[in-house]
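Biologist: Before I rely on any label attached to this structure, I would like to hear the reasoning behind it. Could you show me the model?

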Amino acid sequence: MMTTSFDTVIIGGGPAGLSAAIYLARFRRSVLILDQGSGRWDTAEVNENYFGFPEGIHTRQLRELGLQQAQKFGALCQEESVSMIRREHLQDETQFRVQTAAQTYSARTIIIATGVRDHYFGLPEHQDFLGASLFWCITCDGPKTTDKKVVMIGNNDEVACTALQLLRYTKELTLVTNSTELNISAKWQERLNKFNVPVVVKTVIGLEGANHHVRAVVLEEGQEIPAEVVFNGQGAQPNSELAMSLGVAVDEKQYILTSDEQRTNIPFVYAAGDVTRLFSHQIVTAAHEGSMAAQAANYDMYLPEQRL
Ligand SMILES: Cc1cc2nc3c(=O)[nH]c(=O)nc-3n(C[C@H](O)[C@H](O)[C@H](O)COP(=O)(O)OP(=O)(O)OC[C@H]3O[C@@H](n4cnc5c(N)ncnc54)[C@H](O)[C@@H]3O)c2cc1C
């Protein structure tokens, strides 16, 4: 029977969790990754900005390679969803109990790398297009819009700002609010107007297209706006509920607050990747934060005599 007691349990097996696992396993810590099987890494995206892959790399393939690397050094990975974490004080030691439908595991340290849930309101067919012609992040996929017909979906000043930034790649740009009320301030409406970006104040009811390629955004009453690329700017919700149940501090949008070394306010609990409050949510930053969380957790598990 598999052991249920680990130095570290990592919740989330995306780039952040796997990077943490690789580092911890190489520190000869016993590591379990619990992952419920899908995250932002799980799209048709070909990543073009992670260094070392001049031809780009599918994010699913990058994740598979990371998993193999973590397992090679001894990390275990189980496809299970964590429903609860409890903190217990046993004599001089803190222990965490991590519960899934199948099992309860115990750990000395916990790394939360659970990512976010993106909002795709009104885009029911979005999975077919996600990562191929439906994107959300200009840093990741702006270059893929070069000289293409682009529809940006969203309804606030940040979305208006991203739309204006996309003009560096394409002039064929329409902003659709996906709402019957305009929520963009007069200042940003003026700016959109100045650069001739049309704003359509209507609800989106779907996307048309085939083989992962969007052809049009369908609005209420059946109106279609031709599109080769759609940018979704409708926000995301961090998967920080488990962390919050442990008392981990979050910001006003519920992203986890950490120190520069990825420690949270709760001793022996660390967080990494898109679930943390960081301006730039990218694979490279998730991997960086995962490695930092692992180094902090490893340090905190040393005996007093092994610390500076
Ligand atoms: C369409 C698209 C295109 C992108 N393009 C790029 C790009 O070109 N370049 C780039 O750098 N980044 C890109 N990104 C962003 C990148 O994918 C994320 O920054 C990265 O995946 C974050 O890694 P993560 O490990 O923090 O989160 P995720 O990759 O989301 O992984 C989180 C994991 O946690 C698991 N999980 C959550 N809750 C639980 C639970 N309760 N129990 C068990 N497991 C749980 C999920 O199943 C998931 O596997 C893109 C994202 C999308 C959606």
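Modeller: What follows takes a few labels in turn, and please keep in mind that this is a predicted model.

Biologist: What makes the approach of W41 to the ligand a polar contact?

Modeller: An N or O atom in the side chain of W41 is 2.9 Å from an oxygen atom of the ligand, and because the cut-off for such a pair is 3.5 Å, the contact qualifies. By that cut-off, the side chain of N47 also qualifies, with an N or O atom 3.1 Å from a nitrogen atom of the ligand. For V82 a backbone N or O atom takes part, 2.9 Å from a ligand nitrogen. The protein covers 97% of the 990 Å² of accessible area that the ligand has on its own.

Biologist: How do you know that both domains contribute to the shell around the ligand?

Modeller: At least three residues of the shell come from each of domain 1 (5–117 + 236–306) and domain 2 (120–232). In total 35 residues surround the ligand, D35, S38, R40, D274 and I283 being the closest, and by class the shell has 13 nonpolar, 16 polar and six charged residues.

Biologist: Why is the pair of Y299 and Y302 called edge-to-face?

Modeller: The ring centres of Y299 and Y302 are 6.3 Å apart, with 85° between the planes; the pair is edge-to-face because the centres lie within 6.5 Å and the angle is over 60 degrees.

Biologist: And why is Y299 called partly exposed?

Modeller: Its relative accessible area is 32%, and since buried means under 20% and exposed over 50%, Y299 falls in between. Y302, at 27%, is therefore partly exposed as well.

Methods. Residues are numbered from 1 along each chain as its sequence is written. This is a predicted model: local features need pLDDT of at least 70, side-chain atom pairs count only at pLDDT 80 or more; totals for chains, interfaces and linings use all residues. Side-chain values use heavy atoms; hydrogens and water are left out. A residue is near a molecule or strand if one of its heavy atoms lies within 4 Å of it. A polar contact is a pair of N or O atoms within 3.5 Å; within protein, one must be able to donate a hydrogen and the other to accept it, and residues adjacent in sequence count only if both atoms are side-chain atoms. Accessible areas come from the Shrake-Rupley method with a 1.4 Å probe; for residues, only the protein chains shown count as cover. Ala, Val, Leu, Ile, Met, Phe, Trp, Tyr, Cys and Pro count as nonpolar, Asp, Glu, Lys and Arg as charged, and the others, Gly among them, as polar. Domain bounds come from an automatic or database domain assignment. Rings of Phe, Tyr and Trp (its six-membered ring) pair if their centres lie within 6.5 Å; planes under 30 degrees apart count as stacked, over 60 as edge-to-face and the rest as tilted. Buried means under 20% relative accessible area, exposed over 50%, partly exposed in between (1.4 Å probe, protein chains only).
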